[in-house]
Structure formats: structure tokens, C-alpha cells
Amino acid sequence: MEAAVEPGNLAGVRHIILVLSGKGGVGKSTISTELALALRHAGKKVGILDVDLCGPSIPRMLRAQGRAVHQCDSGWVPVFVDQEQSISLMSVGFLLESPDEAVVWRGPKKNALIKQFVADVAWGQLDYLVVDTPPGTSDEHMAAVEALRPYSPLGALVVTTPQAVSVGDVRRELTFCRKTGLQVVGVVENMSGFVCPHCAALCLWTLSSRGAWRKVKTSSGTSLRVLPSPHSSP
Amino acid sequence: MEEVPQGCPGTGSAQAGRGASCQGCPNQRLCASGAGAAPDPAIEEIKEKMKTVKHKILVLSGKGGVGKSTFSAHLAHGLAEDENTQVALLDIDICGPSIPKIMGLEGEQVHQSGSGWSPVFVEDNLGVMSVGFLLSSPDDAVIWRGPKKNGMIKQFLRDVDWGEVDYLIVDTPPGTSDEHLSAVQYLSAAHIDGAVIITTPQEVSLQDVRKEINFCHKVKLPIIGVVENMSVFICPKCKKETQIFPPTTGGAEVMCQDLKIPLLGKVPLDPHIGKSCDKGQSFLMDAPDSPATFAYRSIIQRIQEFCGHHPPKEEHFLSS
């Protein structure tokens, strides 16, 4: 579906944060959701743009599955997930006929939809737009960065877990941020360890107690936060 | 296409590249080769190459981080424990190649020989190929769009000299996109035994895995079965089980019943698995008595049985 480009649809958005990770399954969508909820709790208006076209997780995390997307003069109306309309969401999940429908698209088609999501969604006035991404450094990431560049994104939050395989992918993601001129706000180490509910033993996932990523230098040198494993996940 | 001459017969014509008006056209060679009209010749080349490969298994998941690479690596290790079985492990996760790390091959480079690229061997009977071996530094990001990734996958399938192989395991990135379409497309003329689909118990994973199953149906890829990874967490201290990822919608078991797909097994989350992967060692060797090892071995056996019951199709040549 082609719509006229609306130059003003991001004009009312004050800050844009991309949530990235080279690695899948580290908790990008979970953290994007928790970040949005925390910002709302702090009185902010937040939008979430879910550009994971093959695996859109955010609608389920915010109990917004099956909602319809409507049109207005400025383009698509994002889905409000709460009555106060303080969190709005756009995801390919809302455009599928069934939740099991697979989006089997090659790069160019994915790029086109992401450009539409950036230009054609009427976000209105937002304090923060959180952009959840799929794992990797490919079409979706390049399309999102290119489309958002005119709006000076605040930066990238990079998520990892302590295992060396995650850290390896995250180092590549940090290279991507450097090459595309994206400022890294910081790195979040998710699922740092697990406390057994039966015996209270702390279990760590890696050989080194604090994760190999400690040796990774972020481009901004900002601090990181460490999140222990949840007892349960969405 | 650059400018075409007057009287161009058309790129799809039988005279393409061969007509008088084609002389001097910059596209003459391309047209004369038939490239404009024919399907990708690589498909036939890959079919030829794959004649020495008995069984081909794709490891898929719609969801990231469920343990595809971990499973692919341990499937390879498990099969290769029989020194008479030749195993090949191909990592087509171009942006996030985890296999070199998990197989203890970080820093290895690929060598060219007369018969193509040589895989990197972990054991005499276990060879590995990954884009990770082509990067000059572990921090190098592969920031490629779809077409370039497709080209790399084509090269991996066409130009790697695997030799005589019993099992080729193809590890994939999460999703249903270029890499998956290309792998299925380029292997379309060679016989793929099927796909093993990895998931974790929670609905956030299952919803992506159902899409992957739909993808398999769309491209007519047989499904060997589903593996539920990280089923329960076993505390290394007290040995009690906890569900870190609760199967609120019934986990893989209910999904497989609904979709009538075999559940190959459930693998518990043993923290030693991640540690073995970080060290680049086989968890099956590191922790032979772990319940996770028993689960892996049972699943590997079921995959071997599937491949044994579904032998590669023989080509029947009809004389005209």
C-alpha cells in the first residue's frame, strides 16, 4: 500500500531510541516494552515502533494482539495500548490476517514497509519513540537508521546477555552503530544470572562472573546496567 | 541495463546476443550466455555439488536466541562421534555467525584449493563453514542487504568442497527472510531431508515458530520435528527444576499436537551448556551424565531414524 510521504509525522517526537542487539533472544522486545512502561510511569508519552517484521513480539507483550490499524488524514493511526493513550504502538503484527501468518519477504519489501512505518504513522506528540529491532545488522536496521536519520535519533540501547556468543554479536552491533553514526546510549546486560527459587543459589551463565562484555568499549563510554534473570518471562 | 542498440532482438529471444545488431552492445556477452532468460545456473551447479552429500538438514526457528546454533553444533558433534560418519556444518547466519565460537574455531581462516573453498575441520570427519572465517576481526560487522547475503549463501553451497558427506547441517538466523528463501531456493534441485525447528516453551517464541512452520509449508520443506529447548532449568546445586520460561499456552507439546508435527524432544536448561559453548567444546563430552545430554542424544537418534526412513531420491534417467 503506497501512501504520500508526510514530512511532519515525526515532528512531534522529542527523542528516538533504537533498541538493538546483534544477538537474538537477549530481551530486546522485553526491554523495549519495559522501557516504554517505565517512561509512562514517569509521566511521559511513549510510542513503540516494532520493526521486527518476521517476529513481531510487542503486540503480545502489551496485550494488543488482534487490534486493527485505522487511517487518518496524516496516515496510519498507531494503536493505543492503554485507556490514557500514553503508549502507542505500530507493528506489522497488526497488519497480518492471522497471528500465524509468516512474513516471508526479501530485503527490498521489508525496507519499503519500514520506510512507511517511519513516514506514514501519525505519532503525534511523543516524549519518546522506542524502536524495537530484530537481531542482526541488515536490511531492517539500515532502513530504520536511514529513515530516522533526518529526525536526529537520540541513540541506540544495545542489549546483550553474558555469554560469549552474545557478546561477539554485540561487538559487531557496536561496529554497526559506529559505522552508521548512531550514538550508543549504553549497553544492557540482561539475564545476568539466575537465583534458584528452591535453594537461593546464584547461577551464572558464563565462566567469568561478570560477563565477557566488560572488555567491550562502547563508543560513548557510558555506564551499563545489569539485569538479573526474571523468574518468569512473557 | 545499459543502452541497447537499435534492432535489439530482445533479451529473452533465441537470437539474444547472437544477432548482427548485437555486435558492440555492452550486454552482448550476457545475452549470449542466456543469463537474461534462464533460471539461476547456480541451482544446477549446487545440485551437482550436493550429489556427494547424502542428507541435508536445516535448523530453523522463527525466534532468536532459542538455541539453533547450540543445537546445530551439538547435532554435528553427536553425529560425528561415529568416526565413520562424515559431517558438515554450514552456518548461514551472515550477520551473527555463532558457529565458529561454539565449535572452538574462532580466528580460523578459510583456504582455497583447486576444488574450491576448504571447510575448517574440527575433527577429521567434521568440517565447518561460516562467514565468521572470512572476517578479519571478530568485531567486523557484516552490514549487508539481502542480495549480498544471498550471494554469499550461493557461494557457500556452490564453492565449498565438502567432499563425501553423510550429513550436512545448515544453521540459520532467526526469521523467514532472505537467508531462508535463498537456502531453500538454491537447494531446491538437491533433496533436503527436512527441517528441525527449535523453540523455547513460552508463547512469545511459539508465535514466531508457528510462522516458521507456515514458511516450511509454503516452500514445501518437510519438517522432521520440533525441539523444545530450555524446557526447565536444573539448579546445579540442589538439582531441582524451575520453569524459567513457563509454557503458559502448553509449550511445544500442545503446539505440535495442534499442528500434527512430531515433538522430537525437550532439552532442559543446564548452565553448563552455555559454558561449553563459550569454551568451544562439545557439551556432550563435557557433561555426559547431564539430563540435557540424554535429551540431545535421544533427539539426534530420532533425526537419524527420520533420515534413514527417507533416503535421498534416486535420479531416474529415461532414455529417449
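Which backbone oxygen lies 3.0 Å from a polar atom of the side chain of N9(A)? It belongs to S74(A).

Before going on, a word on the ground rules. This is a predicted model, where local features need pLDDT of at least 70 and side-chain atom pairs count only at pLDDT 80 or more, while totals for chains, interfaces and linings use all residues. Residues are numbered from 1 along each chain as its sequence is written, chains are lettered from A and ligands numbered from 1 in the order in which they are written, and side-chain values use heavy atoms, with hydrogens and water left out.

**Around N9(A)**

N9(A) sits in the segment before β1 (13–20) of chain A; helices (H or I, at least four residues) and strands (E, at least two) are DSSP runs, numbered from the N terminus. With a relative accessible area of 8%, N9(A) is buried. The scale here runs from buried (under 20% relative accessible area) through partly exposed to exposed (over 50%), using a 1.4 Å probe and protein chains only. Besides S74(A), the N9(A) side chain has a polar atom 2.8 Å from the backbone oxygen of A119(A). Not counting residues up to four places away in sequence, N9(A) touches S74(A), A119(A), D120(A), V121(A), A122(A), W123(A) and G124(A), where contact means heavy atoms within 4.5 Å.

**Where chain A meets chain B**

On the interface, 55 residues of chain A are in contact with 58 residues of chain B. The size of an interface is often given as the accessible area lost when the parts come together. Here the buried area (accessible area, 1.4 Å probe, that two parts lose on being put together, summed over both) is about 4600 Å², and carbon and sulfur atoms give 57% of that.

How many residue pairs are in polar contact across the interface of chain A and chain B? The rule finds 23, both residues being at pLDDT 80 or more. A polar contact is a pair of N or O atoms within 3.5 Å; within protein, one must be able to donate a hydrogen and the other to accept it, and residues adjacent in sequence count only if both atoms are side-chain atoms. On the chain A side, the elements giving two or more residues are α2 (58–61), α3 (107–120), α4 (139–148), α5 (164–179) and β11 (202–204). Of the elements, α5(A) gives the most to that side, with nine residues. By type, the chain A residues that touch chain B split into 26 nonpolar, 17 polar and 12 charged. In this scheme Ala, Val, Leu, Ile, Met, Phe, Trp, Tyr, Cys and Pro count as nonpolar, Asp, Glu, Lys and Arg as charged, and the others, Gly among them, as polar.

**Salt bridges**

A salt bridge means a side-chain nitrogen of Lys or Arg within 4 Å of a carboxyl oxygen of Asp or Glu. The whole structure has 17 of them over all chains, and three cross the interface of chain A and chain B. Here are some, including one that crosses the interface.

| Pair | Closest N and O atoms |
|---|---|
| E146(A) and R145(B) | 2.9 Å |
| R172(A) and D169(A) | 2.9 Å |
| R158(B) and D159(B) | 3.0 Å |
| K266(B) and E253(B) | 2.8 Å |

R172(A) and D169(A) are three residues apart in helix α5 of chain A, so about one helical turn separates them. Both R172(A) and D169(A) are buried.

K266(B) lies in strand β12 (residues 263–266) and E253(B) in helix α8 (residues 251–259) of chain B, so this pair ties together parts that are 13 residues apart in sequence. Both count as partly exposed, K266(B) at 38% relative accessibility and E253(B) at 37%. Elsewhere in chain B, salt bridges that share partners join E45(B), R158(B) and D159(B) into one network. R158(B) is partly exposed, with a relative accessible area of 25%.

**Chain B and D286(B)**

Chain B has 11 helices and 12 strands, and buried residues make up 56% of its 320 residues. Among its contacts with a separation of 6 or more, 76% are between residues 24 or more positions apart.

D286(B) is in helix α10 (residues 283–286) of chain B and counts as partly exposed at 35% relative accessibility. Leaving aside neighbours within four places in sequence, D286(B) is in contact with S276(B), K279(B) and Q281(B). A polar contact of 2.8 Å joins its side chain to that of S276(B).
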